[in-house]
Amino acid sequence: MAASLSFIIGIIGNVISILVFASPIKTFWWVVKKKSTENYKGVPYITTLLSTSLWTFYGIINPDGLLVMTVNGAGAIFQLTYVILFLIYAPKAKKVKTAKLVAVLNFGVLGAVIAVTLLAIHGTMRLTFVGILCAALTIGMYASPLSAMRTVLKTKSVEYMPFLLSFFLFLNAGVWSAYAVLVKDIYIGVPNAIGFVLGSAQLILYGMYKNKSVSSKPDEAMEEDGSAHLMKRGIDMHSLEENLSNRSLNKGRSLPKPYIDRQYSFQKIIKTLSLSPYELQLSRLPHESDVEGGNPDQP
């Protein structure tokens, strides 16, 4: 009964973990579309690739590690894809640094761990050695949102702590903690229990500061709306000036006006030049309907 229950929970854990691994797909869709990594960093994907690769190796050497091997094998494929895309679209300087980090961590460290485990360590110590390394990396992964939590406490805003990611990490840690208890695997249990506690703290913070984040945005929205209105107003005035200019050109192509009209126009130009920019705009506004609808008095 316990074996079948642990298998079911392990399957649920696989599904949730794959959803977490798949979460950066949208980010890399934009990277491919823009053909640039912009300000994104490759370190999280490189370290997660190392973690999933080590957990896959742990599942291979563990007689009961089938579900651990499958989920982390899938995760390693996701992370490898992200790293390759990052290397393709990163700027040259960032590309070189990222490639060096991949060579050190994903080839050097991973290769060294596998070599030492298979050649220098024997028996149950293999599982202990790899299990401790995997647990340490997983604790580091779950502890990484601590900086985001500190930002939330300082700014009293959850803008930089996405709810869905926090929720799925919390759920993922909870499911794998339950699985670890059933299969009695301390190396899976300890890091995921820590992750469950940290995930709970993130959700509590989100509940505390969610409404405050929403209430702090109306002023920004009003400023954006005001800026958009001013920009639209400037565009409208520019269009108005162009229409007035075109109308003047059309007037110039028509038959000569009587001397009185020309004299009146000359006086009007002198008067216009003496106006301030603000008064000039106000003087033009009443003619806006003439420009848009056409003045019936025009020939």
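UniProt annotations may be inferred rather than shown by experiment, and their positions follow the numbering used here. The structure in every view is a predicted model.

**Figure 1. Overview of the protein chain and its annotated transmembrane regions.** The protein chain contains 13 helices and zero strands, so that from the N terminus on the elements run α-α-α-α-α-α-α-α-α-α-α-α-α. An unreviewed UniProt entry lists "transmembrane region" for residues 6-31, 43-61, 67-89, 101-121, 127-148, 160-180 and 186-209. Of the 299 residues in the protein chain, 30% are buried. The exposed surface of the protein chain amounts to about 19000 Å², with carbon and sulfur atoms supplying 68% of it. When contacts between residues at least 6 apart in sequence are considered, 77% join residues at least 24 apart.

**Figure 2. Two of the annotated spans, residues 160-180 and 186-209.** Both spans are among those that the unreviewed UniProt entry lists as "transmembrane region". Residues 160-180 are 86% helix and 0% strand, and the C-alpha atoms at the ends of this span lie 31 Å apart. Residues 186-209 are 100% helix and 0% strand, with an end-to-end C-alpha separation of 35 Å.

**Figure 3. Aromatic pairs involving Phe167, Phe168, Phe170 and Phe196.** The count of aromatic pairs, defined by ring centres within 6.5 Å, comes to eleven. The rings of Phe167 and Phe168 have centres 5.8 Å apart and planes at 70°, so this pair is edge-to-face. Phe167 counts as partly exposed because its relative accessibility is 29%, and Phe168 likewise counts as partly exposed, at 26%. In the pair of Phe170 and Phe196, the ring centres lie 4.9 Å apart and the planes meet at 25°; the pair is therefore stacked. Phe170 belongs to helix H8 (residues 163-183) and Phe196 to helix H9 (residues 186-215), so the pair ties together parts that are 26 residues apart in sequence. Phe170 counts as buried, at 19% relative accessibility, whereas Phe196, at 34%, counts as partly exposed.

**Figure 4. The largest pocket and the helices that line it.** The volume of the largest pocket is about 1700 Å³. Its lining comprises 45 residues, and those nearest the pocket centre are Val20, Ser23, Ser144, Leu165 and Leu169. Two or more lining residues come from each of helix H1 (2-22), helix H3 (43-61), helix H4 (66-89), helix H6 (125-143), helix H7 (146-155), H8 and H9.

**Figure 5. The largest cavity and an aromatic cluster.** The structure holds one cavity of 30 Å³ or more, and the volume of the largest cavity is about 30 Å³. Its lining consists of Thr27, Phe28, Val31, Thr37, Tyr40, Tyr45 and Phe86. Helix H2 (residues 25-34) provides the largest share of this lining, namely three residues. Phe28 and Tyr45 also belong to one aromatic cluster, together with Phe78 and Tyr82.

**Figure 6. The surroundings of Pro91.** Pro91 is located in the loop between H4 and helix H5 (92-119). With a relative accessibility of 41%, Pro91 counts as partly exposed. Although Pro91 and Glu38 are 53 residues apart along the chain, their C-alpha atoms are separated by 8.3 Å.

Notes. Residues are numbered from 1 along each chain as its sequence is written. This is a predicted model: local features need pLDDT of at least 70, side-chain atom pairs count only at pLDDT 80 or more; totals for chains, interfaces and linings use all residues. Side-chain values use heavy atoms; hydrogens and water are left out. Helices (H or I, at least four residues) and strands (E, at least two) are DSSP runs, numbered from the N terminus. Rings of Phe, Tyr and Trp (its six-membered ring) pair if their centres lie within 6.5 Å; planes under 30 degrees apart count as stacked, over 60 as edge-to-face and the rest as tilted. Buried means under 20% relative accessible area, exposed over 50%, partly exposed in between (1.4 Å probe, protein chains only). Contact means heavy atoms within 4.5 Å. Accessible areas come from the Shrake-Rupley method with a 1.4 Å probe; for residues, only the protein chains shown count as cover. On a 1 Å grid over the protein atoms alone, a cavity is a set of points where a 1.4 Å probe fits but cannot get out, and a pocket is an open set with protein on both sides within 12 Å along at least five of seven lines; lining residues have an atom within 4 Å of a point. Grid points are joined across faces, edges and corners, and a volume is the space filled by probe spheres set on the points.
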